[in-house]
Amino acid sequence: MRKIVLTAALAAWLSLTAVFQPLAAQSVLPGEPMPLPRDSGLVVEALELKADIDGQKAKITLNQTVRNTGRGPLEFDFLVPLPFGGAVSGLVASVDGQELVGQIHGREEALAVYRSIVEQMRDPALLEYAGRDLYRARIFPIPPGRASTLTLSAELLVPKNDGRLDFIWPLAGPLTQGRTPERQSVVVNLRGRKIGGVYTPLSEAKVTALSPEAARVELTADHAPALPAFQLHWREDSGKMGGLVLSHKPEQGEDGFFLFLAEPAFATEVKQIPKSVIFVLDRSGSMEGHKFAQAKGALEFVLERLAPEDSFGLVDFSGEASLWRPELEAMTPAAKASAVQYVKNLRAGGGTNIGAALTAGFKLAAAGRPTYALLLTDGEPTEGLTDELPLAAAAASANSLGARVFAFGVGHGVNARLLTRLASQASGTAIFVAPEASIEEKVSAFFAKLVNPALVRPQLTASRTVNRLEPSTLPDVFFGGQTVVVGRYPQGGPTVFTLRGQEDGQEAIHAHRTTLAEGPSEGGDFVARLWAQRRIGAILEQIDLRGENPELVAELVGLSKKYGVMTPYTSFLALEGEALTDGAALQDRASRN
């Protein structure tokens, strides 16, 4: 089973306030790297971000330039977090003006070649998967007095909520070593439908409206503290409810790729559907203080806004789970007052038994109406089932009535992989809250959608054969949200996609007519790479659950190399003067050194 590196940088990314966190630079002697002191003379010359965003499709280029002012050659070793859904599509390392273009290879063979070249004091660069959307990049050597630039190319489907698009990209700000970049710049080009309300919290940024469908955002800063991340928010007029389909068929004889987005119009009036809400609140010792006060406030906020026809239950847990009431209660004034007082009296202390809490919560569920379990926690399980896979499997088994799970992870110590797995396997969502952010705001914003689902238990079908859909089970569609499905098709042509589900307790059918492409489409490689990224994620989930299978690993490596999506089994490798794309040649070189 592969090891996942969960670091402070990854946790920061998960809270969407990710900070680039370089590891210590290292002085390299043949075969034996040695740590350098903090004043090693490594200077950050430039951090440059460029993003071209068309609708929700973003192409990103991030340049990071460092200069060695020391006396000996350096290897620069750092971690690069990506936003959720971001996929690295290229690597170029430039040392002393010479460009080394990276190719994806098997992870072990790439590492072997990198190490052998380091011993020969030549110029390789390596970018490898270090965890969930976290990448480790290394450049060697950076000669004394010389500069080296690492250029990462990536793609992202920009998330859209309530008609607002949110582009958040971590920048390479080496704050942990106290360095100030000599130059920082950001350029973002926007295109879309009736762009408006463009906003960035960085007051130094300049926003220019070029037309109703285009805008440009620019920022430059010299000798200023490194920016932890660049944030940009804007709105698009999405029109009435509908679906958007993008398709791409690279060549004859190969299945095409499609991307389906369903986006309901804004609700002019809130028509609540009777539902059951089960609160699962962490009161372990690590929650004590401001976090616990905020979590209790968020829970009280939701209680105050449940409708009379709703029912609810409450589970609080530390080393063991406790119930407010043994069954779901109707939302009466007396029940609400009792639950609010119960929550106010809770005190934090003890360990964390997430498995027992979820099992107790699922036992409260009742058939006949949508049921949502809201889990609020800040840490990893320390009691009961503590291993991620058995815990997730036990939760899935206990959830016999199919309650949707929405997990709110608070702070940097949370087990992001576990919460993501718990939510995704129950057709829900994991939401991560930075320590300085408001838990109440996150929960209340989510609940505003939860009270008014646009489509419950949706299913997507097509009049033409489609296959290998990701995700295979769709989450509920909420007003202000989106449903995104990617898949393959053997033959293009006129097609009707049909989205079925429950609206106000009645079956609803939404048909979307399109034509699936019979050949390449402009920018269509983005759709292919997005499908490959989702498919690779599904394969990794299977490997986690069932162990390594040679066929699954072979499929994963093949997809990674073909579509340029890095995985725990592959790496980008750039070599001086060569473009070794043949795995056999790589292995031969490694064995000869």
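**Aromatic pairs and nonpolar cores in a predicted model**

The protein chain has a mean pLDDT of 77 (the predictor's confidence in each residue, from 0 to 100), and 78% of its residues reach 70 or more. This is a predicted model: local features need pLDDT of at least 70, side-chain atom pairs count only at pLDDT 80 or more, and totals for chains, interfaces and linings use all residues. Residues are numbered from 1 along each chain as its sequence is written, and side-chain values use heavy atoms, without hydrogens and water.

Trainee: Over which residues does pLDDT stay under 50, with 109 contacts beyond four places in sequence?

Mentor: Contact means heavy atoms within 4.5 Å. Where pLDDT is low, the predicted coordinates should not be read in detail. The stretch with those 109 contacts is residues 1-39.

Trainee: How are the rings of Phe167 and Trp169 arranged?

Mentor: Rings of Phe, Tyr and Trp (its six-membered ring) pair if their centres lie within 6.5 Å; planes under 30 degrees apart count as stacked, over 60 as edge-to-face and the rest as tilted. The search of the whole structure finds seven aromatic pairs. In the pair of Phe167 and Trp169, the centres are 6.3 Å apart and the planes make 15°, and the pair is stacked.

Trainee: Is Phe167 buried or exposed?

Mentor: Buried means under 20% relative accessible area, exposed over 50%, partly exposed in between (1.4 Å probe, protein chains only). Trp169 has 2% and is buried. Phe167 has 0% relative accessibility, so Phe167 is buried.

Trainee: Which strand gives the most to the largest nonpolar core?

Mentor: A nonpolar core is a set of buried Ala, Val, Leu, Ile, Met, Phe, Trp, Tyr and Cys residues joined through side-chain atoms within 4.5 Å. The largest has 44 residues, and Phe167 and Trp169 are among those that touch the most other members. Strands are DSSP runs (E, at least two residues), numbered from the N terminus. Six residues of this core come from strand 4 (residues 42-54).

Trainee: Why does the pair of Tyr372 and Phe406 count as tilted?

Mentor: Both residues are buried. Tyr372 lies in strand 26 (residues 371-377) and Phe406 in strand 27 (residues 404-410), 34 residues apart. The ring centres are 5.9 Å apart and the planes stand at 45°, so the pair is tilted.

Trainee: Which residue has its charged end over the ring of Trp531?

Mentor: Ring pairs link Trp531 with Phe257 and Tyr563 into a cluster. A charge sits over a ring if NZ of Lys or CZ of Arg is within 6 Å of the ring centre and within 35 degrees of the ring normal. Here the charged end is 4.7 Å from the ring centre, and the residue is Arg488.

Notes: Helices (H or I, at least four residues) and strands (E, at least two) are DSSP runs, numbered from the N terminus.
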